[in-house]
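Dear colleague,

Please find below the structure that I am handing over to you. My findings follow it.

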Amino acid sequence: MGRGVRHAVVIGAGMAGLAAARVLADSCEAVTVIERDTFPRGSAPRAGAPQGHHVHGLLALGAEVFEGYFPGLRAELEQAGAPVWDWGEGLCAVLPNGTPPPTPMGMPIQTFSRPFLEHALRRRVRALEPVTLRDGLTVTGLRTAGPGKVVGVRVKDGDVEEEIAADLVVDASGRSSHLPRWLAALGLPSPRATTVDAQVGYASRTYSFPEGQALPSWMGVLQPLRAPDFHKGCYAIQIENKALHVTLHGANGTQLPHDDEDFLAYAKTLRGPIADVIAPLTPTSAVRRYARTVNRRVAYHRLARWPDGLIALGDSVCAFNPAYGQGMTVAALEARLLEQMLRGRRTRTPLDGRLFQQRLARITASSWLMATIPDRAWERSRTAWPVKAGNWFMNRLIDTVPHDPQLYTAFSGLFHMTAGPLTLADPRLLSRVLIGPRPGTSLRAATA
């Protein structure tokens with residue numbers, strides 16, 4: 001592309017697509033966001049985002065980045081009913097070696113359903129003057145001017161086909177992205193895809209609290225999975241409209257509940273408070289299941305050739321097991337990278353798509369390791385020693401956290417991406433991890 005970005009097309013109106021559109025609105029004369037789904041009128045889940053029925057978490061860093069792009073977003077969501085609470089004080093973390101006591105951290109967290117947040121962001125993005133949101137359209141391929149230049153997309157609405165010209169095409173279409181096939185049609189090599197599958201599945205539903213009933217003392221419950229013994233767990237958060245959103249999960253092919261009776265029975269096999277809390281509550285949704293949790297990273301950054309006028313971000317490039325809650329925050333960081341590179345261009349020069357993919361790969365690298373090191377422990381293939389060492393260290397850290405408030409705070413910063421891995425290189429913290437849990441503590445396997 002031999003000129004600046006006048007018109008950008010974003011494929012996909014999920015979190016990554018909306019964040020990219022917000023950034024592009026500052027640099028482009030026009031931005032068109034194309035979504036295959038028909039947008040719901042309110043904050044209802046949509047067919048193309050089935051994970052919207054399950055618990056989502058926006059990490060502290062992601063919330064900070066989104067607030068910067070959408071000033072007043074947190075206050076708007078809070079006024080609409082999404083609670084704000086301190087992570088250390090409000091979380092009941094049911095870890096293998098115990099539950100940390102409430103520990104004030106000054107780390108504000110806001111909890112809501114995925115459709116609730118997406119609806120708010122969609123409304124904000126639609127209000128931007130350069131942006132047009134078009135739903136009910138399927139992108140069928142790329143428009144090109146030779147194999148090395150993308151100049152738009154081809155779309156289909158029922159039987160009607162259309163071509164949309166663009167200076168920049170952003171693939172934010174998620175796990176269902178067709179980009180590898182489109183690149184192959186241009187005569188470009190297929191990128192290598194790496195997958196790590198812990199065979200994690202979810203079953204979720206929401207509950208309402210009876211009028212006048214005291215709410216739980218916690219705002220969220222976290223009971224993580226861990227190979228090989230802890231193959232059941234849950235996430236539960238208080239969300240908008242004073243509802244409780246509960247996701248039960250299992251690894252390594254664990255059978256998940258289908259109906260009301262199974263859901264409560266599964267919850268009763270878990271340690272922690274969740275079963276006692278939900279037993280008297282009224283469900284407000286059916287049990288929804290989800291199993292597309294494979295970690296998948298496509299190595300676009302390693303391709304020797306990359307067409308002008310094209311970038312890819314979000315789950316279309318690197319999708320994580322949702323259990324680690326990183327997806328929305330990584331999408332926000334990728335949008336920030338796009339903003340930085342657009343600002344760094346000289347006036348009316350093209351965005352360097354190949355460089356963008358290389359820098360994006362660096363952004364996703366640490367999150368990829370955080371998700372895949374514990375997930376590789378579920379795989380039956382022989383694990384390389386660096387992965388074993390990393391998994392041993394993470395397990396040692398998590399086993400020590402319940403008995404060390406300072407370490408719990410440091411780990412929470414790492415989890416929420418407000419601090420990097422080097423935080424744990426502090427000799428005072430590192431020594432506590434290496435020494436391990438205090439004498440007298442022991443692991444108690446979760447009920448199978």
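How much area does the protein expose, and what share of it do carbon and sulfur atoms supply? The exposed area is about 19600 Å², and carbon and sulfur atoms supply 51% of it. Please bear in mind that this is a predicted model.

Regarding the overall fold, the protein contains 13 helices and 20 strands. Its radius of gyration is 22 Å, close to the 22 Å given by the globule rule for 448 residues, so the protein is as compact as a globular protein of that length. Along the principal axes, the C-alpha atoms fill a box of roughly 70 × 50 × 40 Å. Of the 448 residues, 55% are buried. Among contacts with a separation of 6 or more, 72% are between residues 24 or more positions apart.

As to charge, the protein carries 50 positive and 39 negative charges, and the mean positions of these two sets are 6 Å apart.

Two local regions may also be of interest to you. The first concerns Met 394, which lies in helix H11 (residues 385-400). Leaving aside residues up to four places away in sequence, Met 394 touches Met 370 and Phe 411. Between Met 394 and Pro 374 there are 8.2 Å in space, C-alpha to C-alpha, and the two are 20 residues apart in sequence.

The second concerns helix H13 (residues 427-435). At the start of H13, a side-chain oxygen of Asp 426 comes to within 2.9 Å of the backbone nitrogen of Arg 428. Just after H13, Gly 436 adopts a positive phi of about 90°.

Yours sincerely

Key
Residues are numbered from 1 along each chain as its sequence is written. This is a predicted model: local features need pLDDT of at least 70, side-chain atom pairs count only at pLDDT 80 or more; totals for chains, interfaces and linings use all residues. Side-chain values use heavy atoms; hydrogens and water are left out. Helices (H or I, at least four residues) and strands (E, at least two) are DSSP runs, numbered from the N terminus. Contact means heavy atoms within 4.5 Å. A polar contact is a pair of N or O atoms within 3.5 Å; within protein, one must be able to donate a hydrogen and the other to accept it, and residues adjacent in sequence count only if both atoms are side-chain atoms. The radius of gyration is taken over C-alpha atoms; the globule rule is 2.2 Å times the number of residues to the power 0.38. Buried means under 20% relative accessible area, exposed over 50%, partly exposed in between (1.4 Å probe, protein chains only). Accessible areas come from the Shrake-Rupley method with a 1.4 Å probe; for residues, only the protein chains shown count as cover. Lys and Arg count as positive and Asp and Glu as negative; His and the chain ends are not counted. The place of a charge is taken as NZ of Lys, CZ of Arg, CG of Asp or CD of Glu.
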